[in-house]
Amino acid sequence: MDFEEEYKQNRTQMKKIKKDDTKMFVIFMCNIAVAILCLIAFVLSGNMGALLVSSLAAAASVTGLISVYNKNIALSVVSGVLLIAEIISMFSVGSFTILGFVEFAAFVWVAVRSFKNIKQYQWLAQQDGFPQFEPKLKEYDMNRTKWETKNPYAQKMAERQKNSSGSMEEL
């Protein structure tokens, strides 16, 4: 059957999207940890730059988590802009280290994958069989609609033939 192959491909894409979403969730949680560390640095040193970096990191992570969860492109773009502002503020404050470079590389990947995943998810949402993409459910639905379009007398006859135990000779 043709739709089985299509469902298989769509199911594979859906699993890939969920796997990437899990990775992005972990990265956003790590960014929240960086925000907490920057907030602790602000409390200990009184450096206003650390407060700016921590607030931008927290805002970017929260909007990123919400965009991944809700599959919202606008929030994904806002999160990317906030992340870029965070990296720029790290440069201007002078706290850009190896951690900042790793964070920059990770968030470039997150921004690109998030946008692509949301677009792919929205396309999959319009496809037949969303979100499970199970061919057996499609066959069940097709049989169900075929059964409902049958004549009521033909339905009764089919039920009786299905439930009958055999022929009259057995009696």
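I looked up the side chain of Ser 54 first; it reaches the backbone oxygen of Leu 51 at 2.9 Å. I count N or O pairs within 3.5 Å as polar contacts, where within protein one atom must be able to donate a hydrogen and the other to accept it, and residues adjacent in sequence count only if both atoms are side-chain atoms.

This is a predicted model: local features need pLDDT of at least 70, side-chain atom pairs need 80 or more, and totals for chains, interfaces and linings use all residues. Numbering runs from 1 along each chain as its sequence is written, and side-chain values use heavy atoms, without hydrogens or water.

Next I placed Ser 54: it sits in helix H2, residues 48-70. Helices here are DSSP runs of H or I, at least four residues, numbered from the N terminus. H2 has 23 residues and reaches 33 Å from its first C-alpha to its last, close to the 33 Å expected at 1.5 Å a residue. That expected span is 1.5 Å times one less than the number of residues. Just after H2, I found Lys 71 with a positive phi of about 55°.

Is Ser 54 buried or exposed? Ser 54 is buried, at a relative accessible area of 5%. The cut-offs are under 20% for buried, over 50% for exposed and partly exposed in between, with a 1.4 Å probe and protein chains only.

I then checked contacts of Ser 54, leaving aside neighbours within four places in sequence: Ala 35, Cys 38 and Leu 39. Contact means heavy atoms within 4.5 Å.

Last, I looked at Ile 36, in helix H1, residues 2-45. Ile 36 is partly exposed, at 47% relative accessible area.

Conventions: Helices (H or I, at least four residues) and strands (E, at least two) are DSSP runs, numbered from the N terminus.
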